[in-house]
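These are my notebook entries from a session spent looking things up in one structure. I kept them in the order in which I asked.

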Amino acid sequence: MSDETLLLSVRDLSIGFKSEQTVTEAVHHISFDVIAGKTLAIVGESGSGKSVSSLSIMQLLQKGKAVFENGKFIFHQSLIANHSTTELKPDDAMLKELRGKGIAMIFQEPMTSLNPVMKCGEQIVEMLLKHEGISRNDAKKKVLHLFEEVRLPRPSDMMNQYPHQLSGGQRQRVMIAMAISCNPKILIADEPTTALDVTVQKEILLLLKSLQQKHGMGMIFITHDFGVVAEIADEIVVMRRGEIVEQGSSDRILNHAQHPYTKGLLACRPLLGQKVERLLTVQDFLNASPQSLSDGEKRNDSKSIRENLLNPSNPGSIEIILEVNNLSKIYTSSSAIFKKKSSPVHAVNNVSFIISKGETLGLAGESGCGKTTLSRMLLGLIPASEGQIIFNGRDITSLSKNEMRAMRKEMQIIFQDPYSSLNPKHTVGESITEPMMNFGLHDSSAKRKNKTAELLQQVGLGEEHYSRYPHEFSGGQRQRIVIARALACEPSFIICDESVSALDVSVQAQVLNLLNDLKRDYSLTYLFISHDLGVVYHMSDHIMVMNRGRIEEVGTAEEVFFQPKSEYTKRLLGAVPGR
């Protein structure tokens with residue numbers, strides 16, 4: 001490594017957080033370098049200290065709470081005006097001079113990072129006026145050029161749009177345009193693609209790489225996904241519990257990892273072509289007892305079930321739990337001023353499929369394809385415009401609201417965000433016993449409490465968690481609570497709507513294993529919805545691909561992933577990181 005290429009050296013950094021009279025250390029003596037034109041990936045689970053480390057460089061940690069116990073930042077290549085090489089402590093006020101021009105940051109969720117009441121173009125104009133000292137007219141011209149550079153469609157229109165009027169991928173492009181607007185030497189990208197579809201994710205990764213090459217920026221890329229790391233990283237730092245457990249070149253870490261934690265992170269992500277009964281977890285490697293992936297028993301693949309999926313009129317001996325015929329959901333809107341109706345929008349368009357008892361049908365597709373709308377119609381949460389839903393031999397599209405509520409004892413859903421789907425004012429015990437009371441299950445509060453304790457144990461929690469509140473749990477633990485609540489009313493059919501997309505890959509593996517265990521123990525049937533194609537492949541017996549409200553194709557997991565017929569499916573698969 002030559003000194004000319006160095007932009008930043010972080011040395012022996014330790015960060016703690018003050019709480020009353022105690023200080024809890026979050027980062028412990030870490031060191032790394034950022035090089036011009038190269039990407040350093042910092043990888044680890046939530047709480048590993050990766051974001052805290054990067055926020056400290058921008059001096060964005062809460063003043064008075066963050067305690068810098070040790071460390072220094074050495075800035076090279078004139079990142080600070082009139083300074084060739086500058087050594088600063090993490091609490092030095094001069095760090096603020098670096099924001100925008102020296103170092104810029106792209107945050108994970110652009111919707112919460114952008115001002116919702118300001119037009120997208122104006123937000124970047126404001127930044128340019130502050131940091132660049134140019135006229136408003138020149139600032140607007142530069143924003144238009146930036147929007148073209150990040151490949152936003154209709155740049156002049158996007159200037160006047162508010163954040164809520166843009167898609168997730170478009171909002172992320174606005175954030176990238178804002179980050180590079182002052183030509184920073186270092187770009188920090190904190191989980192910038194986590195919530196995006198695989199196709200949009202690939203576009204953003206390619207965009208970041210092209211901008212980096214064009215501007216010669218050094219990049220710190222923070223993620224928990226080694227699939228993304230393989231696409232973008234030159235060097236990798238692996239963090240666990242505030243410490244660096246391993247670091248080195250991308251090739252060495254990805255192909256010759258040494259630390260058990262790194263090996264666990266690499267192994268626990270579902271991979272195409274390696275379909276196993278159980279996923280390995282990080283804990284397996286930390287306990288030095290990993291089971292070989294090749295030992296995993298492949299799930300049965302029944303040709304007859306596939307034929308029944310494609311031909312509902314000939315079900316044979318398979319027991320059908322759900323049959324959907326020509327289902328559509330049509331939305332129309334009208335102008336409040338002119339009372340003029342617009343063209344109808346088919347959110348779900350003439351969809352037909354069946355799910356047989358005991359199987360998992362995966363539903364894949366990009367955001368906006370109709371996956372969630374379809375699931376809401378199946379549960380009767382929104383009415384169908386056309387078509388028929390038959391559940392356990394009964395047409396539920398013609399049921400009254402009260403009849404549909406009673407039917408939901410057999411049909412449950414696990415939502416994407418467990419925190420927002422749990423009442424923060426209710427204890428875990430109250431949240432799980434509530435559906436039992438609603439459906440008249442178990443004839444006393446004592447019996448319901450015993451059943452709740454049993455369910456908590458079944459999902460890997462304990463009876464001691466009964467009286468705690470949702471905010472006292474991690475994301476993975478909250479998802480287990482939501483799963484226990486779904487099981488409380490003893491359903492036969494569960495919709496998993498992006499139920500692991502917000503979790504670290506290590507926690508995701510645990511939850512996916514749990515879902516498969518519960519499927520076996522309770523004879524459950526799943527509709528598994530996800531934009532993560534690796535997860536869909538691992539979980540599903542059969543897969544249905546949706547695009548713009550229509551079903552593109554249906555088949556066994558192996559057929560859809562390795563012999564796709566639809567061009568849309570091929571495009572989705574081509575965007576999977578590391579494929």
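**Entry 1: backbone angles in loops**

Where is Arg154 found? I located Arg154 in the loop between α4 (136-149) and α5 (155-158), and I note at the outset that I am working from a predicted model. I looked at Arg154 for its backbone, since its phi is near 45 degrees, a positive value in a residue other than glycine. For background I wrote down that most residues other than glycine have a negative phi.

I then turned to Glu191, a residue other than glycine whose phi is also positive, near 50 degrees. Glu191 has its place in the loop between β7 (186-190) and α7 (198-215). Is Glu191 buried or exposed? I found a relative accessible area of 7% for Glu191, and because the cut-off for buried is under 20%, Glu191 counts as buried.

**Entry 2: the chain as a whole**

I stepped back to the overall counts and recorded 22 helices and 20 strands in the chain. Of its 579 residues, 53% count as buried. I also checked how contacts are spread along the sequence: among those with a separation of 6 or more, 68% are between residues 24 or more positions apart.

**Entry 3: the hairpin of β1 and β2**

I followed strand β1 (residues 6-19) into strand β2 (residues 22-35) and found them paired in the antiparallel sense over ten bridges. The two strands form a hairpin with two residues between them, and Glu20 in the turn has a positive phi of about 55 degrees. To fix the register for myself, I noted that Gly16 has Glu25 in β2 as its bridge partner.

**Entry 4: a four-stranded sheet**

In what order do the strands of the open sheet of four strands run? I read the order as β12-β11-β14-β15, with antiparallel pairing. The edges are β12 (345-356) and β15 (394-395), and each has a single partner strand, so one side of each is left without a neighbour in the sheet.

Within this sheet I looked at the pairing of β11 (residues 320-331) with β14 (residues 386-391), which run antiparallel and are joined by five bridges. Leu322 stands opposite Phe391 in β14.

I then examined Ile390, which lies in strand β14. Ile390 has a relative accessible area of 19%, and since buried means under 20%, I entered Ile390 as buried. Leaving aside neighbours within four places in sequence, Ile390 is in contact with Ile321, Leu322, Glu323, Asn325 and Asp395. I also compared Ile390 with Ile354, which is 36 residues away in sequence, and found 9.3 Å between their C-alpha atoms.

**Entry 5: three residues in helices**

I took Thr433 next, which lies in helix α16 (residues 428-438). Thr433 counts as buried, at 9% relative accessibility. What does the side chain of Thr433 reach at 2.9 Å? I found that the side chain reaches the backbone oxygen of Gly429. Beyond neighbours within four places in sequence, Thr433 is in contact with Arg448, Thr452 and Tyr466.

Gln479 lies in helix α18 (residues 475-487), and I recorded it as buried, with a relative accessible area of 1%. Not counting residues up to four places away in sequence, Gln479 touches Ile414, Phe415, Gln416, Pro418, Ser499, Leu503 and Val511.

Gln283, in helix α11 (residues 282-286), is partly exposed, with a relative accessible area of 43%. From Gln283 to Cys268 I noted 9.9 Å, C-alpha to C-alpha, with their positions 15 residues apart in sequence.

**Entry 6: the second largest pocket**

Last, I looked into the second largest pocket, which holds about 520 Å³ of space. The lining of this pocket comprises 21 residues, and those nearest its centre are Arg99, Phe107, Met127, His131 and Met178.

Which element supplies the largest share of the lining of this pocket? I found that the largest share, five residues, comes from α3. At least two lining residues are supplied by each of β6 (103-106), α3 (120-131) and α6 (168-180). Sorting the lining of the pocket by class, I counted twelve nonpolar, five polar and four charged residues.

Key
Residues numbered from 1 in each chain as written. Predicted model: local features only at pLDDT ≥ 70, side-chain atom pairs only at ≥ 80, totals over all residues. Heavy atoms only, no water. Buried < 20%, exposed > 50% of the residue type's maximum accessible area, 1.4 Å probe, protein only. Polar contact = N/O pair within 3.5 Å; in protein donor to acceptor, adjacent residues only side chain to side chain. Contact = heavy atoms within 4.5 Å. 1 Å grid on protein atoms, 1.4 Å probe; cavity = no way out; pocket = protein on both sides within 12 Å on 5 of 7 lines; lining within 4 Å. Points joined across faces, edges and corners; volume = space filled by probe spheres on them. Nonpolar A, V, L, I, M, F, W, Y, C, P; charged D, E, K, R; others polar. Pairing = 2+ DSSP bridges.
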